[in-house]
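Trainee: Could you take me through one part of this model closely, step by step? I would like to see how a helix and the sheet beside it are described residue by residue.

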Amino acid sequence: MSLIELRNVAKEYRAGAGGTRTMALSGASLDVAEGEFIALMGPSGSGKSTLLSILGGLNPPTSGEVTIDTIPVYQLSQERLADFRREYIGFVFQQFQLIPYLTALENVMLPLAITRKKQDEQRELAEAVLTRVGLAGKHDRLPNQLSGGEQERVAIARAIVNDPPVLLADEPTGALDTRTSEEIMDLFRFLNQDGLTIVMVTHNRENARYAGKTVEIRDGSITSSSG
Amino acid sequence: MRLTDISIGNLRRRKARLLFSVLGLTIGIATIVILYSITTAMKQAIATELDEYGANIVVVPRSEGLALSYGGITVAGVSYDVKQLDMNAVTAIRRIKDRQNISAVAPKLLGTVKAGGRQVLMVGVDFTAELRMKKWWEITGRRPKSPSELLLGHGAAEEFHKMPGDTLVVNGQEFQVAGVLKEMGSQEDGLIFGDLGVAQKMLGQPGKLNLIEVSALCLSCPVDEIVRQIGAALPDVKVTALRQAVKGRLDTVERLDSFSYAVSVVVLLIGVLMMGITMLSSVNERTREIGIFRAIGFRKSHVMVIILFEALVISLLGGLAGYAIGTLGARAAAPFVAKTAVSIGWNPIVGGVALALAVVAGMLASFYPAWRASRLDPAEALRFI
């Protein structure tokens, strides 16, 4: 039984009322087993980011089914869906997307703000995760006082602080130089070896090598799967 | 980390925006506080001036006797009186519940005496209370200081050809004329005013009174209520309230009052609008950020809490600043606007109401922006679409 199941997922966008329709995804099916590390590859506009957002419970598909841990994700109410995202999904967005006015530690604590955990517990947890991603000692810096690689580590720490089973990453190394990219990919591999299921969107062949499996997507359809 | 920490973090990041949002409410609240303080102070000033219109409550014995008239007030006939007032009544009036609203109690005993071979009406008064109540009395000479001194009405002085400093024999007793009242064209002109104790002895009615004039500040207290309280304390007397001409001035202030309310509402509405626009543009600017909150599992209600808490902080700051600026502004403006010496202090009730008003206004202004924020589509906000 797969942790994540996508069945014939299609997504159609409409530019404004009565505007032109665009098929971002047309009948994509994908299975991700627990503990897998998958690289989603494809040219820009192929629908890979759309697929990732659908996987993450952020973007309801026009048709098809998404099941994660046997939960039919898009049958949940909007508020339950938010709870689901908090429990199951860790997101690493493009461009890190840290909150600029919160320190590294506070950014990591952000998902804990809506849990019942006490302040001290939140702090300890966030500190432990920051250490785990290799960013001890820079807890009190604001995002703009950190390098790209460091910001990426904060973003990853924020994604995993709630201990979700699934990590979704959208072009995690897009803004990083080659050497930093490699460090970040090493971190991903390390987290995956710890049991985290990872789905990563990338157009970088080098990054894809770290994944156990590569899924190619083109014009809204999954064209090949290897690994 | 709590949701409110996020609100505070955002407010601290954008200080200029914070200032702008706070300013809108500050101006609104300050205007209200200024207008309210000044009109209230004006009302108080008028209430204080009521003193100068003399007595507004008259206490006389309940009696069927022959009446003498004084100052347009019917006074019970001295000789036929059944139940006379005495000095205990003065004490009783000074002890009523709303006694702090009574500014003067002036007891009197009236009676006919012989002076210079003629009958004349003498009024025994407590000069201190009497002169405090009758501020319009102008005296040539000086105020009587001892029981052996008299104050003569203008007509009486002419009748007896007396000047301040002269002596006058009344019922065989020699008095010094301390002062003469200027002509008023009223019944006072023909009277002789003497010390109450002396008059009581001379008229053979020690401790007795036949009239008590009371002056009460009737803005903060309804005169009718004071009349009721005196009536309850003194069951055998007749208590009458006199309507004074101050009402006209009060009407003016009340009209100013309604105008102030209208202006306040408009200015506050502008403040609400300003804050609403600022909050809305802030929400629009933070689209991505809110998208992240939603993506990592914040519920709509969590997003609303963040935005509304920011609004609460802005409102409290605006309310406090508005109250402070309003009070200081009223202090500065009052002498020019009210044209009377009014004192405006730090009123904690006004402060509390200002804060509450600011919070209500701030919530009103921010509810729609907060609701909009909570409804943001995270996929759209994060450009997945």
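Mentor: Happily; what follows is a walk around helix α6 of chain A, and then through the sheets of that chain. Please keep in mind that this is a predicted model.

Let's start with the helix itself. α6(A) runs over residues 178-193, which makes 16 residues. From its first C-alpha to its last it reaches 22 Å, close to the 22 Å expected at 1.5 Å a residue. At its start, a side-chain oxygen of D177(A) comes to within 3.2 Å of the backbone nitrogen of R179(A). After the helix comes G195(A), with a positive phi near 110 degrees.

Now look at which residues of α6(A) are hidden. The buried ones are T180(A), S181(A), I184(A), M185(A), L187(A), F188(A), L191(A) and N192(A). They cover an arc of only 150 degrees around the axis, and therefore lie on the same side of α6(A). The spacing fits a simple rule: an α-helix has 3.6 residues a turn, so residues three or four places apart point the same way. On the other side of α6(A), you will find T178(A), R179(A) and Q193(A) exposed.

What lies over the buried residues? The cover of α6(A) includes the strands β3 (37-41), β7 and β8 (197-202), together with the helices α4 (119-132), α5 (148-160) and α7 (205-208), all of chain A.

One residue of α5(A) deserves a stop: G148(A), which has its place in that helix. G148(A) is partly exposed, with a relative accessible area of 28%. Along the sequence, G148(A) and T180(A) are 32 residues apart, yet their C-alpha atoms are 8.4 Å apart in space. Leaving aside neighbours within four places in sequence, G148(A) is in contact with F96(A) and L176(A).

Three of the covering elements, β3(A), β7(A) and β8(A), lead us to the sheet. Six strands of chain A form an open sheet here, with mixed pairing and the order β6-β7-β8-β3-β9-β10. β6 (89-92) and β10 (221-226) of chain A stand at the edges with a single partner strand each, so one side of each has no neighbour in the sheet. From one strand to the next, the twist averages 20 degrees.

At one end of that order, β6(A) pairs with β7(A) (residues 166-170) in the parallel sense, over four bridges. Within this pair, F91(A) has L168(A) of β7(A) as its bridge partner. Helix α2(A) (residues 78-88) packs on the sheet and touches both β6(A) and β7(A), its direction making about 80 degrees with that of β6(A).

To round off the picture, chain A also has an open sheet of four strands with antiparallel pairing, in the order β2-β1-β4-β5. Its edge strands are β2(A) (21-32) and β5(A) (71-72), each pairing on one side only. β5(A) is joined to β4(A) (residues 63-68) by two bridges, and the two strands run antiparallel. There, P72(A) in β5(A) is the bridge partner of T67(A). Helix α1(A) (residues 48-55) packs on this sheet, touching β1(A) (4-14), β2(A) and β4(A), and its direction makes about 120 degrees with that of β1(A).

How values were computed:
Residues are numbered from 1 along each chain as its sequence is written. Chains are lettered from A and ligands numbered from 1 in the order in which they are written. This is a predicted model: local features need pLDDT of at least 70, side-chain atom pairs count only at pLDDT 80 or more; totals for chains, interfaces and linings use all residues. Side-chain values use heavy atoms; hydrogens and water are left out. Two strands pair if DSSP finds at least two bridges between them. Axes are lines fitted to C-alpha atoms, for helices over the stretch in contact, and angles run from 0 to 180 degrees between N-to-C directions. Contact means heavy atoms within 4.5 Å. The expected span of a helix is 1.5 Å times one less than its number of residues. Buried means under 20% relative accessible area, exposed over 50%, partly exposed in between (1.4 Å probe, protein chains only). The arc is that of the directions from the helix axis to the C-beta atoms. A polar contact is a pair of N or O atoms within 3.5 Å; within protein, one must be able to donate a hydrogen and the other to accept it, and residues adjacent in sequence count only if both atoms are side-chain atoms.
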